[in-house]
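Grab a coffee and work through these exercises on how two chains meet. Each task comes with a solution that goes step by step.

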Amino acid sequence: MTKEWTPRIVAFFCNWCTYTAADLAGVSRMKYAANTRTIRLMCSGRVDPQFILEAFARGADGVLIGGCHPNDCHYGEGNYKMLRRFALLQRMLQDLGIGEERLRLEWISAAEGEKVKSVINDMVKKITALGPLDLPGKCADWDRELTELAPAVEPAPVESEVTHA
Amino acid sequence: MDKVNGNHDVRIGFYVCQCGHNIAAMVDCAELAKYVGQLPNVVLSRDYKYMCSDPGQELIQKDIKEFGLNRIVVASCSPLLHEHTFRSAVEAGGLNPFFFHMVNIREHVSWVHTDRAEATAKARALARAAIRRVAHHRALEVKKVPVHPDVLVVGGGIAGIHAALTLAKAGKKVYLVEREPSIGGHMAKFDKTFPTLDCAACILTPKMSEVGSHPNITLWSHSEVVKMDGYVGNYTVKIKRKPRYINEDLCTGCQECISHCVYKEPKFHDDFNEGLGKRKPVYIPFPQATPQVVLIDPEVCLNFKRGVLTDKCKKPCVEACGDRKAIDFKQKEELKEIKVGTIIVATGFQTFDVGRMPQYGYGRYPNVYTALEVERLVNASGPTAGDVILRDGCHPKSIGIIHCVGSRDKNTNRWCSRVCCMYSMKLAHLLKEHTEAEIYNFYIDIRAPGKGYEEFYDKLLEEGVHFIRGRVGEVTDWAFIPEEEGKLVIRVEDTLAGVVRRIPVDMVVLATGLEPQADAQDVRRLFNMSCGSEGFFLERHPKLAPVNTFTDGVYLAGCCQSPKDIPDSVAQAGAAAAEAMVLIDKGHIEQEPNTAFVVEAECSGCKSCIPLCPYTAITLNEGSKKAVINEALCKGCGTCVAACPSGSIVQNLFDDEEVFSEIQGVLAYD
């Protein structure tokens, strides 16, 4: 990375509320940071925990999930299902050393273009303060260490096969 | 190397739309096309001025044939706007329409970013994700579902009435549900309408009686929608019919029961006359009420105690009704269930609660009125038969009309209610006609942007009505000089003269703004709609789909969408009726094939998915012990897909592979 580091954020937005709100922010020509990459899903309930882990593993510094406000889900309760997973995921991310603050869940209704702007700007600010996560880089380092260390480790003597018959 | 690279059968055509300058000004389209052109599987990459134009669409069709393309990606505006356009173009080119993906680089990139290099980088990442994703797309079939031909119209104001009549005249069966005992809404309360000064009743009541007698309209007044289930074309709606203690079929509207009621004088709050008049426990809301049926208020009728039947009154009303036997004190609330294909929501507005602006003295000074009260006061069939006699018994010699009460005010409602300037001027004209008083209008700006509206303003100026520019600070009875004694003093900064003025008047009229109904949020949830930040129902697109909502088959008409005057409400109601007829006459709807299905071989039968489905579309096949998804019930949210521990549920269009490749694509930054 030669350029100054800026965070990479993957955003999963539900089709009915948050994606529409992001469209509204566009139509209203609101300006916000260009660090997010949005992936449209029909419902925040579709966000598989693996999507989030995959995003971090592939180099995301933050993941943002946008769904309809409680009680407003187009499908009734998909956002509640996401909320349940979110609570578990936060603990898991903490345990994995990624940190729960890199995952954010926001309820943004179709009318809240302004909130899309403020949430993204705020998230970019906070993730910038946290610094890069760079899981792919860390994984590469670990791999390199292992390969470098491998020759230095005396291979265990191969014992002849022992039968316990 | 990702597995996409190995797929040699995929031939992708990529198109970036400049959208005039909308995209090209912030995204380097030529560079983007060049970048995508060297990605794996991309056969062709072009940038073009307007992809959604006919030549743009023809370009796609021509390229599909010429270059043997089998996947298309277009980077342009939001898929919510033009996905359908491009899918049709892809289909016309001979491909399955779902071998297409759209990248939003206008609403999500060029319009919201300010750095051209950053915006172009973001567009590259999004395009790269789409190129990876589209390789996994499969051919899908659009499911056709029949549309039930009946329509439900919710709300019987002028918008609901017009929509119902339009549909009924076209031969459609309509259910019109109104919460109040009579249809007519706010318009029925008005005296005259601006700017033509036709009498509101004269133009509304013929439509109301047409609704009442039309064979295609089932009118349920005094009723409320309590539940809506189903989906576009096939809604099941539950409607609560509140008891009116009168058998609607037997009542002839003779009103003998009213004159024979044990209460000789009317003494209860009359909602229709804004409390300026009184009614009896058995009443008809107003003379032209539709249906022409009386009702009994169990809260005040002597035969009830606090709404519970006691049967202690001697019931002269029953005697007066005689053989018709229309009065039924044992009537119970009834639940009706109907099936409709489309729904028009026309639930209207409520006027601003002036109690929120105590500085204007409403409720403290008897001679401060709301505009709706004045409508009843000047109405020939109103509580005073059109005589403008104030609460203290005087006739006013000077009247102040305060505009923008609860409008254009950051302390209350920020929006302009659109009709107040015009109705204030109408009331000024009518009050002048009735009382010959001096009339002062206190306004911020005069907004008269309709046909004949500005001319009406000119006419008022010629009539000698005074206009003072400035928001009123307060209404007070504190007199400074003898001339102010016994009067209401309006304190206002005259912003044209640059002085603070005190104007003593006999009567103050508050031009209350329009706001969403108090239960708008409940209604919104009932019909699965969205609300704007101010609480009015949100249209699908502010310009191009102004009567559609985000729920297919549910349309909006009238003031529930935003404040509007009668001509606009009627126009919108006609548009909503036309939209409903589009579905009905087509006979079927094409459903987005984003439903989920179970790959049986991988399902372990753990049943995790079954309780997650809000539509009970998933069941366990007891024979094979595998989950089965009923495609007709599945709406395609994908919640079960995300939760399946064995990954055996697949959602069309949002398959795991598709989403994963998109995640990998957006993160493959350069």
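Before we start, a strand here is a DSSP run of E with at least two residues, numbered from the N terminus. By that rule, B:Gln651 sits in strand β36 of chain B, residues 649–651. Keep in mind that the model is predicted.

**Exercise 1. Work out whether B:Gln651 is buried or exposed, and what its side chain pairs with.**

Step 1: check the accessible area. B:Gln651 has a relative accessible area of 0%, and buried means under 20%, so this residue is buried.

Step 2: look for polar partners. Across to the other chain, the side chain of B:Gln651 makes a 3.1 Å polar contact with the side chain of A:Arg46. Within chain B, a polar atom of the B:Gln651 side chain lies 2.8 Å from the backbone oxygen of B:Gly636.

Step 3: list the neighbours. Leaving out residues up to four places away in sequence, B:Gln651 touches A:Met42 and A:Arg46 as well as several chain B residues, among them B:Arg138, B:Asn594 and B:Cys637.

**Exercise 2. Do the same for B:His108: where does it lie, and which residues is it in contact with?**

Step 1: place it. B:His108 belongs to helix α4 of chain B, which covers residues 106–110.

Step 2: apply the cut-off again. At 4% relative accessible area, B:His108 falls under 20% and therefore counts as buried.

Step 3: find the partners. The side chains of B:His108 and A:Asp23 are joined by a polar contact of 3.0 Å. Setting aside neighbours within four places in sequence, the contacts of B:His108 include A:Tyr19, A:Ala22, A:Tyr32 and A:Thr38, plus B:His113 and B:Lys122.

**Exercise 3. Now zoom out: how much area do chain A and chain B bury between them, and which residues of chain A supply it?**

Step 1: get the area. The two chains bury about 4500 Å² between them, with 59% of it on carbon and sulfur atoms. On the chain A side, A:Arg37, A:Arg46 and A:Tyr75 supply 17% of the area buried against chain B, more than any other three residues.

Step 2: count the residues. Chain A brings 52 residues to the contact, and chain B brings 52 residues.

Step 3: count the polar links. There are four salt bridges between chain A and chain B. One of them joins B:Glu83 to A:Arg40, with the closest N and O atoms 3.4 Å apart.

Step 4: see which elements of chain A take part. β1, α1, β2, α2 and α3 each supply at least two residues to the side that touches chain B, and α1(A) gives the most, with seven residues. That side divides into 25 nonpolar, 12 polar and 15 charged residues.

Technical notes
Residues are numbered from 1 along each chain as its sequence is written. Chains are lettered from A and ligands numbered from 1 in the order in which they are written. This is a predicted model: local features need pLDDT of at least 70, side-chain atom pairs count only at pLDDT 80 or more; totals for chains, interfaces and linings use all residues. Side-chain values use heavy atoms; hydrogens and water are left out. Contact means heavy atoms within 4.5 Å. Buried area is the accessible area (1.4 Å probe) that two parts lose on being put together, summed over both. A salt bridge is a side-chain nitrogen of Lys or Arg within 4 Å of a carboxyl oxygen of Asp or Glu. Helices (H or I, at least four residues) and strands (E, at least two) are DSSP runs, numbered from the N terminus. Ala, Val, Leu, Ile, Met, Phe, Trp, Tyr, Cys and Pro count as nonpolar, Asp, Glu, Lys and Arg as charged, and the others, Gly among them, as polar. Buried means under 20% relative accessible area, exposed over 50%, partly exposed in between (1.4 Å probe, protein chains only). A polar contact is a pair of N or O atoms within 3.5 Å; within protein, one must be able to donate a hydrogen and the other to accept it, and residues adjacent in sequence count only if both atoms are side-chain atoms.
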